[in-house]
Amino acid sequence: MARKLGCLLLVLFATSTLFAANSGTISGYVKDSSGMPQMGAVVEIFTSVTTLGATVFTDERGFYSAANLLPGIYQVKVTALSFLPSLRENVTLRSGARVLVNVTVNALADSRRLLPAWRSASTDADDWHWTLRSSVNRPILRWQDDKDSNPEISAGEKPADRSLKAQVAFIAGSDAGGFGSAGDMTTAFTLQKSLFSDGVLSFNGNIGASSGDPAGVVQASYTHDFGPASRPKFTVTYRRFAAPGTDVPNSPYAAVEMNSSDSMTVGDLVELQYGAAVQSLEFTRRVTAFHPYGAIMLHLSPDLVVAYRYTTFEPNTRAAKGFDSAPADLSESGPKMALVNGEPDLERAQHQEVSASRRFGKTSVQVACYLDRIRNVVLTGAGDPSAYSDDVLPDVYSGTFSYAYNGVLNTTGARVVVERRLLDDLTATMDYSAGEAIGEDSAANWQNLARALAASRQQSVAAKFSGSISRYGTRWMASYKWTSGNTLSPVDAFNASPGQADPYLSVFIRQPLPGAAGRMDVLLDLRNLLAQGYLPVMGPDGRTVYMVQSARSLRAGLAFTF
């Protein structure tokens with residue numbers, strides 16, 4: 001009997017020793033999205049969907065360990081108080097191995113980051129990438145190189161550029177002798193700071209002066225990135241410009257704008273972008289306007305997007321060039337305002353557009369049709385007719401003035417954009433648009449200018465090349481946009497596609513200086529370089545002013561990045 005008992009003990013000992021040699025361990029740490037260890041979290045190890053292999057708890061360090069597990073494929077489920085459950089599947093455990101499985105649990109507010117991303121988080125958000133933009137100035141088709149996708153980067157890692165950034169730029173223009181661009185020095189600055197792990201606070205400004213009168217634009221914004229589910233942004237912009245030459249002594253033009261926007265995705269098909277801006281202007285009296293906008297995009301396939309867009313103001317043409325290239329004057333700053341019988345009034349517009357965008361290899365094509373209704377269209381002139389007219393808003397900083405078209409522009413139109421990636425660092429774009437625009441239908445002097453202006457069917461063709469020189473860090477853009485007829489307003493003024501371009505010949509270059517302490521860039525921005533499209537108007541004082549679609553602007557300067 002004793003002999004049989006000894007043999008049984010020997011067998012049991014050998015079996016347990018063999019089991020210990022073949023079993024393995026799954027262990028790891030449980031933390032939240034900020035890296036805080038989670039004590040007391042329940043960790044369940046499943047051998048199948050319905051079979052529980054082991055249950056353990058995390059200690060004060062958030063560490064757990066499940067030992068004596070047979071080789072196989074496991075699922076690890078972690079449950080913690082006030083957090084969403086987290087599941088790691090297909091954990092392979094080999095004989096005698098120890099597998100480390102770290103798990104991050106997410107609160108409900110963080111769960112929106114788990115939705116699939118439309119594009120790589122490492123993709124830069126500027127216009128120098130191969131993009132086909134949606135009608136709300138956001139990319140809807142974007143080329144993504146294979147090198148942009150890195151599956152080894154964990155969700156908890158932050159890009160290297162999440163830090164405090166600052167930039168100062170000093171820009172001067174060339175006096176164009178009545179053709180715009182008064183030539184005064186402006187100082188632009190940008191400050192960015194990351195907040196709350198996924199938020200970015202930005203503070204921008206562009207300050208200039210002429211004859212001792214300060215002018216400028218100051219902007220503060222906060223963006224929080226919840227992933228594809230939501231990316232809210234709130235912006236407050238303040239503008240102040242002196243307006244000499246008016247009947248009201250020392251009357252400034254000041255404006256405050258509050259803009260709130262957001263975006264969301266529904267599954268893999270629908271993307272929504274929406275927002276609204278409230279503008280309040282002060283010039284002899286207060287004028288207030290409400291500007292809603294939005295778009296819905298259907299991603300029918302990775303290469304095909306159908307979109308509908310509604311907006312009430314023109315897109316920002318400076319998105320591709322940067323805030324520091326925008327002049328501190330009225331020509332490209334904020335709400336478009338003019339005077340009607342000496343009283344301020346805003347341009348009020350409604351734009352609706354349906355577009356389809358398709359990618360074919362290295363080529364992207366967009367076809368769109370649109371419907372515009374614009375009241376109090378603001379036109380641009382060069383010179384200063386304020387001495388004999390109450391219907392102009394002069395801008396001493398740029399040598400231009402704003403003039404209100406007395407009528408309503410109702411137009412339907414169409415657009416075709418073809419964008420081709422020629423090289424890795426070179427993109428070519430062609431844009432054709434047709435629609436109504438305002439122009440002079442007869443020779444005009446100032447007294448009959450209002451009667452000489454009329455809307456007519458016109459066409460525009462733009463060719464644009466943009467790219468970079470990686471070896472030298474150069475970014476550049478060159479474009480030429482031709483418009484038929486004596487056109488003073490743009491054809492397809494709400495064009496936010498990749499074919500968007502400044503009228504006539506324009507060149508932009510941003511060149512880092514080698515060997516400079518820190519980061520120093522040279523900026524060169526030339527608009528309507530050949531001063532085309534200027535239509536002369538004889539004033540009652542015998543002097544000539546000009547009506548123009550885009551005033552010539554010659555500006556250059558230095559930008560310092562800290």
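The average pLDDT of the chain in this predicted model is 79, and 78% of the residues score at least 70. Over residues 111-162 the pLDDT is below 50, although this stretch has 126 contacts in the model beyond near neighbours in sequence. A further stretch, residues 244-250, likewise stays under 50 in pLDDT, and for these residues the model has eight contacts beyond four places in sequence.

The secondary structure of the chain comes to two helices and 35 strands. Of the 562 residues in the chain, 45% are buried. Among contacts in the chain with a separation of 6 or more, 60% are accounted for by residues 24 or more positions apart.

Two nonpolar cores were examined in turn. The largest nonpolar core has 22 residues, of which L379, Y403, W446, L449, L453 and M547 touch the most other members. Several elements of secondary structure contribute to this core, with β26, α2, β33 and β34 each supplying at least two residues. A second, separate core comprises 21 residues, including A54, L69, V78 and F83.

Of the residues in the largest core, W446 was considered in further detail. Not counting residues up to four places away in sequence, W446 touches P385, Y388, S389, V392, F401, Y403, V537, M538, G539, P540 and V545. Aromatic residues in this list also appear in one aromatic cluster, which is formed by Y388, F401, Y403 and W446. Both F401 and W446 are buried. The ring centres of F401 and W446 lie 6.0 Å apart with the planes at 70 degrees, and the pair is therefore edge-to-face. This pair links distant parts of the chain, since F401 lies in strand β26 (residues 400-404) and W446 in the loop between β28 (426-440) and α2 (449-452), 45 residues apart.

The structure holds eight aromatic pairs. One of them is formed by Y293 and F313, which are arranged edge-to-face with 5.5 Å centre to centre and 75 degrees between the planes. Distant parts of the chain are linked by this pair as well, with Y293 in strand β18 (residues 285-301) and F313, 20 residues apart from it, in the loop between β19 (304-311) and β20 (337-340). The two partners fall into separate burial classes: because its relative accessible area of 14% is under 20%, Y293 counts as buried, whereas F313, with a relative accessible area of 27%, is partly exposed. An aromatic ring also takes part in an arrangement with a charged group, as the charged end of K31 sits over the ring of Y29, 6.0 Å from its centre.

Strand β33, which supplies residues to the largest core, spans residues 535-538. The covered face of β33 carries L535 and V537, while P536 and M538 make up the uncovered face. Strand β33 pairs with strand β34 (residues 544-548) in the antiparallel sense over four bridges, and within this pairing V537 stands opposite V545 in β34. Both V537 and V545 are among the residues touched by W446. The two strands form a hairpin with five residues between them, and G542 in the turn has a positive phi of about 85 degrees.

Strand β5 (residues 72-79) is paired with two strands described here. Strand β2 (residues 42-46) runs antiparallel to β5 and is joined to it by five bridges, with V43 standing opposite V78 in β5; V78 is also included in the second core. Strand β6 (residues 86-93) pairs with β5 in the antiparallel sense over six bridges, and here Y74 stands opposite V91 in β6. The hairpin of β5 and β6 has six residues between the strands, and S82 in this hairpin takes a positive phi near 70 degrees.

A polar residue in a strand was also examined. S221 lies in strand β14 (residues 213-224), and at 7% relative accessibility S221 counts as buried. Leaving aside its neighbours within four places in sequence, S221 is in contact with V200, L201, S202, K233, F234 and T235.

Definitions and conventions:
Residues are numbered from 1 along each chain as its sequence is written. This is a predicted model: local features need pLDDT of at least 70, side-chain atom pairs count only at pLDDT 80 or more; totals for chains, interfaces and linings use all residues. Side-chain values use heavy atoms; hydrogens and water are left out. pLDDT is the predictor's confidence in each residue, from 0 to 100. Contact means heavy atoms within 4.5 Å. Rings of Phe, Tyr and Trp (its six-membered ring) pair if their centres lie within 6.5 Å; planes under 30 degrees apart count as stacked, over 60 as edge-to-face and the rest as tilted. Buried means under 20% relative accessible area, exposed over 50%, partly exposed in between (1.4 Å probe, protein chains only). A charge sits over a ring if NZ of Lys or CZ of Arg is within 6 Å of the ring centre and within 35 degrees of the ring normal. Two strands pair if DSSP finds at least two bridges between them. A nonpolar core is a set of buried Ala, Val, Leu, Ile, Met, Phe, Trp, Tyr and Cys residues joined through side-chain atoms within 4.5 Å.
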